[in-house]
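Open your viewer and keep the selection box at hand. This tour goes stop by stop, saying what to select and what is there.

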Amino acid sequence: MNPRSGFRIGKLFGISIRIDVSWLLIFAFVTLNLATGLSTLHPEWNTVLTWGLAVVAALLFFASVLLHELAHSLVARAQGTPVHNITLFLFGGVSNIQREPASPGAEFLMAIVGPLTSLLLGAVLTIGVGIGSSILQAGLTDPVQAAQQLGPLSTILLWVGSINVMLGVFNMIPGFPLDGGRVVRSLLWAVTGNLQRATRWAAWLGQAIGWTMIFGGVSMAFGVHLPFFGSGLGGGLWLALIGWFLNNAAAQSYKRMVIQDLLEGVPVSQMMRRDPPTVSPDLTIHQLMHEYVMQRDDHAFPVLEDTQLVGIITLDDIRKMARDDWTGHTVREVMLPADQIVTVTPDKDAAEALTQLAQLDVRQLPVLEHEQLVGLLRRRDIIKWLQWNAEMA
């Protein structure tokens, strides 16, 4: 998932909070299921109260997910690892932690703090509601009857508490890249002393668990009853979907780790394009298209004025314009100004540069040395370098 997808809703502790478009689907799903359950449990409540409570409970649930991810992020930052944003999406949340932990101990602490936060919050809310309502004992013998005795506020808090316990337990499944899988990786790392090997084994375990969930979900959809999960088409498809996500996430996490490992310590200068074609800010878009774009395979052109970088223009910028406007507009009017461009230096670590490309969701970064343009680092140059070194290996 792209860390810059969706939209930004605010900032906490200097960390940008974003919501992916897929979050709207799961929010609607949770709200609908809650409203249905509450109307069955409390038929005496009117529709406005039932749906209002469902919306509030769903929002509190995602606030809990945000708190879970915030715990990861704050521990990472305390260890010196930058965290730019947290994104809520279909399957929960993800912290955009910039690099791998420095040690197995750091990994363990960073991974375990999220589930512990969820379990602690869940225990406080669940036990607090039970004691406050004097129905804790009844809840152990007849949960439905006990829940029917609760008022609106206690009902919401009890549900949020229970879902936080489930969130903490689910995240401790030992499947990488879930928190439990990261705990396993930290232990394997400590034993082997090799992060890549530990990641590979943890990813294999994550994929195995993912395939097991997919098989179990398909079996449930065809009527097989599984302990704890039950049976049924809806629950089976949901379990299979989560398994598919975990399987793919494990594979992709290992691939990213291998790429980062290959690029670590390699300077940008080894893979950047030297002396890239540049354009003048006074060039018309029509001239740019016919004299540059159509004559080369480049997707972006640095804009220079008196040898100084003043901007960059890409094919995506041009595509936003109507063809009839190409003659009447110049590069200066369309380009991204220099003060909004992220640049790198020739000696910058290529692994960090690749992370920046992913974060910014751009295809290239200008390379500056002493404020002078010396090259352009493109994603395809990094891919070519990786392919070449993979073939050599």
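In which sense do strand S2 (residues 15–19) and S3 pair, and over how many bridges? They pair in the parallel sense, over 4 bridges. Two strands count as paired if DSSP finds at least two bridges between them. Helices (H or I, at least four residues) and strands (E, at least two) are DSSP runs, numbered from the N terminus.

Before moving on, note that this is a predicted model: local features need pLDDT of at least 70, side-chain atom pairs count only at pLDDT 80 or more, and totals for chains, interfaces and linings use all residues. Residues are numbered from 1 along each chain as its sequence is written, and side-chain values use heavy atoms, with hydrogens and water left out.

**Stop 1: the strands**

Select Ile17. Opposite this residue stands Ile86 in S3. Now select residues 83–89, which make up strand S3. Of its 7 residues, 6 are buried, so the strand is largely enclosed by the rest of the structure. Buried means under 20% relative accessible area, exposed means over 50%, and partly exposed is in between (1.4 Å probe, protein chains only).

Add strand S4 (residues 92–97) to the selection. S3 and S4 pair in the antiparallel sense, over 5 bridges. Val83 stands opposite Ile97 in S4.

**Stop 2: the nonpolar cores**

Select Trp23 and Phe62. These residues have the most contacts inside the largest nonpolar core, which has 22 residues. Helix H1 (22–41), H2 and helix H6 (152–171) each supply at least two residues of this core. A nonpolar core is a set of buried Ala, Val, Leu, Ile, Met, Phe, Trp, Tyr and Cys residues joined through side-chain atoms within 4.5 Å. In soluble globular proteins, nonpolar side chains tend to be buried together.

What does Phe62 contact, leaving aside its neighbours within four places in sequence? The list is Trp23, Ile26, Phe27 and Leu88. Contact means heavy atoms within 4.5 Å.

Apart from the largest core lies another, of 17 residues. Select some of its members, including Met289, Val293, Met321 and Val334.

**Stop 3: Phe61**

Go to helix H2 (residues 47–78) and pick Phe61. Is Phe61 buried or exposed? At 14% relative accessibility, Phe61 counts as buried. Not counting residues up to four places away in sequence, Phe61 touches Trp159 and Ile163. Try a distance label from Phe61 to Gln196: the C-alpha atoms are 35 Å apart in space, and the residues are 135 apart in sequence.

**Stop 4: Ser186**

Select Ser186 in helix H7 (residues 179–192). Ser186 is buried, with a relative accessible area of 2%. Its side chain reaches the backbone oxygen of Val183 at 2.6 Å. Beyond its neighbours within four places in sequence, Ser186 is in contact with Pro104, Glu107 and Phe108.

**Stop 5: Val258**

Next comes Val258, in helix H9 (residues 233–263). Val258 is partly exposed, at a relative accessible area of 21%. Label its distance to Thr199: the C-alpha atoms are separated by 9.1 Å, with the two positions 59 residues apart along the chain counted as their spacing.

**Stop 6: the salt bridges**

How many salt bridges does the structure hold? It holds 8. A salt bridge is a side-chain nitrogen of Lys or Arg within 4 Å of a carboxyl oxygen of Asp or Glu.

Select Arg273 and Asp298. Their closest N and O atoms are 2.1 Å apart, in a salt bridge. Arg273 lies in strand S5 (residues 273–274) and Asp298 in the loop between helix H10 (285–291) and strand S6 (300–305), so the pair ties together parts that are 25 residues apart in sequence. Arg273 is partly exposed, at 27% relative accessible area. Asp298 is buried, at 3%. Add Arg378 and Asp381: these two are linked with Arg273 and Asp298 in a network of salt bridges.

Now select Asp282 and Arg332. This salt bridge has its closest N and O atoms 3.1 Å apart. The pair links distant parts of the chain, 50 residues apart: Asp282 is in the loop between S5 and H10, and Arg332 is in helix H12 (residues 331–334). Asp282 is exposed, at 51% relative accessible area. Arg332 counts as partly exposed, at 37%.

Finish at Lys348 and Glu352. Their salt bridge has its closest N and O atoms 3.4 Å apart. Lys348 is partly exposed at 22%, and Glu352 also counts as partly exposed, at 45%.

Methods
A polar contact is a pair of N or O atoms within 3.5 Å; within protein, one must be able to donate a hydrogen and the other to accept it, and residues adjacent in sequence count only if both atoms are side-chain atoms.
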